[in-house]
Every structure is written in C-alpha cells, then in structure tokens.
Amino acid sequence: MKTLNTIQKFAKVGKILCKIIFIFSLIGGIGSAIGIFSLAVLPEGLQIGDTTIRGLIEESAEVSLGTCYASMATGLILCAGEAVLCKIAEKYFVNELAAGTPFTFAGAKEMLRLGICTIAIPLGTQLVAAIVYGIFKLAMKDVAAPDSSAFGSGSVGLGIMFLVTSLLCRHGAELSEKEQSQAPKIDFFDTNSTNQSN
C-alpha cells in the first residue's frame with residue numbers, strides 16, 4: 001500500500017504540472033497569435049515618440065520582420081501541440097486518481113494512448129512548424145535560420161517509456177483479475193449445503 005500511495009502522490013503532482021504547462025502553452029500560443037495579428041494589421045507597429053516597435057526590433061534585436069513572422073507562427077504551432085498533449089496527460093492522471101490505482105485495463109489503455117500521443121504530437125507539430133518556417137523563408141526576405149532547439153527530437157523517449165509502462169499496468173490488471181477469480185467464494189445462501197447438513 002505504501003508504494004501505491006507514492007504512485008498516487010506522483011499522479012497528483014503530474015496532474016498539477018500538466019495544468020501549469022497547459023496554461024503556459026496557452027499564453028505562448030495566444031501571445032504568438034496576437035503578435036502575428038498586430039504585425040499584419042499594423043506593419044510598422046505602435047509608435048513611441050519617433051520610434052516604432054518594428055524599428056526597435058529590427059535595430060536593437062537585429063531581427064527582420066520575416067524572422068518575427070516565422071518565429072511567431074512556429075511558436076503558435078508548437079504551443080498548440082503542447083497544450084493538446086498536456087490535456088491528454090491531465091485526463092489520464094484524473095482518471096487514474098479516480099480509479100485509485102494504475103493497474104486497470106482502462107488505465108493501461110489510456111496510458112498506451114498517451115504514449116502514442118507523446119511521440120506523435122511533438123513530431124507532427126515540429127514537422128508542420130518546419131514546413132511553415134520554410135514557406136516564410138521562401139515568401140519573405142531576410143528570414144533567419146530557425147533555432148535548432150525549437151525543432152528538437154520530440155518526446156520519443158518519454159513516449160516509449162509510457163508505452164512500456166502501459167504494458168506493465170496491463171499485466172498488473174491481469175494479475176489482479178486472476179487473483180480475484182481464484183479467491184474462494186462463500187455463498188451464505190447455498191440451499192444445497194443447508195439441506196445436506198439437515
């Protein structure tokens with residue numbers, strides 16, 4: 001029982017972390033969308049005295065307008081993918097806490113789904129983001145090369161770990177089911193045994 005309590009504590013922490021990362025991903029995605037919209041509507045940006053926001057970015061940060069568009073577009077895509085993945089993970093933790101144990105068939109199936117999503121969603125969003133970045137590079141001038149850290153290898157290792165863990169949870173559920181089926185059943189209303197005793 002001590003190990004199960006530890007697992008449940010980790011599940012609670014996982015649920016909280018998923019909520020926090022989801023909120024940050026949402027903020028990042030909304031910020032990127034607002035940035036793209038504001039650059040599209042106000043190409044020069046807001047003016048402070050004689051200086052525009054666009055001029056400040058291009059001169060101080062040495063970043064072109066095309067790079068800004070491309071970076072915000074890829075940021076929006078990556079944040080959206082992370083937000084979706086966090087919601088899937090949070091749902092798993094909520095259901096696991098409700099069940100009281102990870103060793104259920106439903107929980108194992110949900111962890112398998114989480115493992116597949118942990119591999120597929122980051123790789124998919126990185127591929128889409130790279131294509132979008134390439135389109136901006138072709139369509140606009142002076143688009144800098146993307147930051148290599150933005151297009152990492154994804155969460156393949158973590159996804160594989162979830163897939164293996166889902167098999168362990170399924171095995172635990174099978175053992176639990178087998179143990180329950182082999183447990184002796186006492187029927188207090190067995191009329192045959194009552195008649196034989198008389």
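## A six-helix chain, piece by piece

Of the 198 residues in this chain, 30% are buried. The model is a predicted one, so read everything below as computed from its atoms.

Let's start with the overall layout. The secondary structure amounts to six helices and two strands. Going from the N terminus, the order of elements is α-β-β-α-α-α-α-α, with a helix ahead of the two strands and a run of helices after them. If you look at contacts between residues at least 6 apart in sequence, 81% of them join residues at least 24 apart. The accessible surface adds up to about 13,100 Å², and carbon and sulfur atoms account for 67% of that.

Some of the nonpolar surface sits in one patch. Which residues make up the nonpolar surface patch of about 760 Å²? The list is V13, I16, L17, I20, I21, I23, F24 and I27. Take I23 as a sample member: this residue belongs to helix α1, which covers residues 2-41. I23 has a relative accessible area of 48%, so it counts as partly exposed.

Now for helix α4, residues 105-139. Its 35 residues reach 50 Å from the first C-alpha to the last, close to the 51 Å expected at 1.5 Å a residue. Still, α4 does have a bend. Where does α4 bend by about 25 degrees? The spot is C117, a residue within this helix. Is C117 buried or exposed? Its relative accessible area is 14%, and buried means under 20%, so C117 is buried. Leaving aside residues up to four places away in sequence, C117 touches L85, I88 and P122. There's also a long-range pairing to look at here: the C-alpha atoms of C117 and G159 are 7.5 Å apart, although 42 residues separate the two along the chain.

G159 takes us to helix α5, residues 156-182. This helix has 27 residues and spans 39 Å between its first and last C-alpha atoms, close to the 39 Å expected at 1.5 Å a residue. G159 is one of the buried residues in α5, along with F162, S166, C169, G172 and A173. What do the buried residues of α5 pack against? They pack against α4, the helix that bends at C117.

On to the charged pairs. How many salt bridges does the count come to? It comes to two, and here they are with their N-to-O distances.

| Salt bridge | Closest N and O atoms |
|---|---|
| K87 and E90 | 3.2 Å |
| R170 and E174 | 3.7 Å |

Both K87 and E90 belong to helix α3 (residues 65-99), where they sit three residues apart, about one turn of the helix. The two partners differ in cover, though. K87 is partly exposed because its relative accessible area is 41%, whereas E90, at 8%, is buried.

The other pair is in α5, where E174 and R170 are four residues apart, again about one turn of the helix. Here each partner is partly exposed: the relative accessible area of E174 is 36%, and that of R170 is 40%. So α5 carries this partly exposed R170 as well as buried residues such as C169, and those buried residues pack against α4.

How values were computed: Residues numbered from 1 in each chain as written. Predicted model: local features only at pLDDT ≥ 70, side-chain atom pairs only at ≥ 80, totals over all residues. Heavy atoms only, no water. Patch = residues over 30% accessible without salt bridge, like charges linked within 9 Å, V, L, I, M, F, W, Y side chains within 5 Å. Areas by Shrake-Rupley, 256 points an atom, 1.4 Å probe, with all protein chains shown as cover. Salt bridge = Lys/Arg side-chain N within 4 Å of Asp/Glu carboxyl O. Buried < 20%, exposed > 50% of the residue type's maximum accessible area, 1.4 Å probe, protein only. Expected span 1.5 Å × (residues − 1). Bend = angle between axes of the 7 residues up to and from the residue. Contact = heavy atoms within 4.5 Å.
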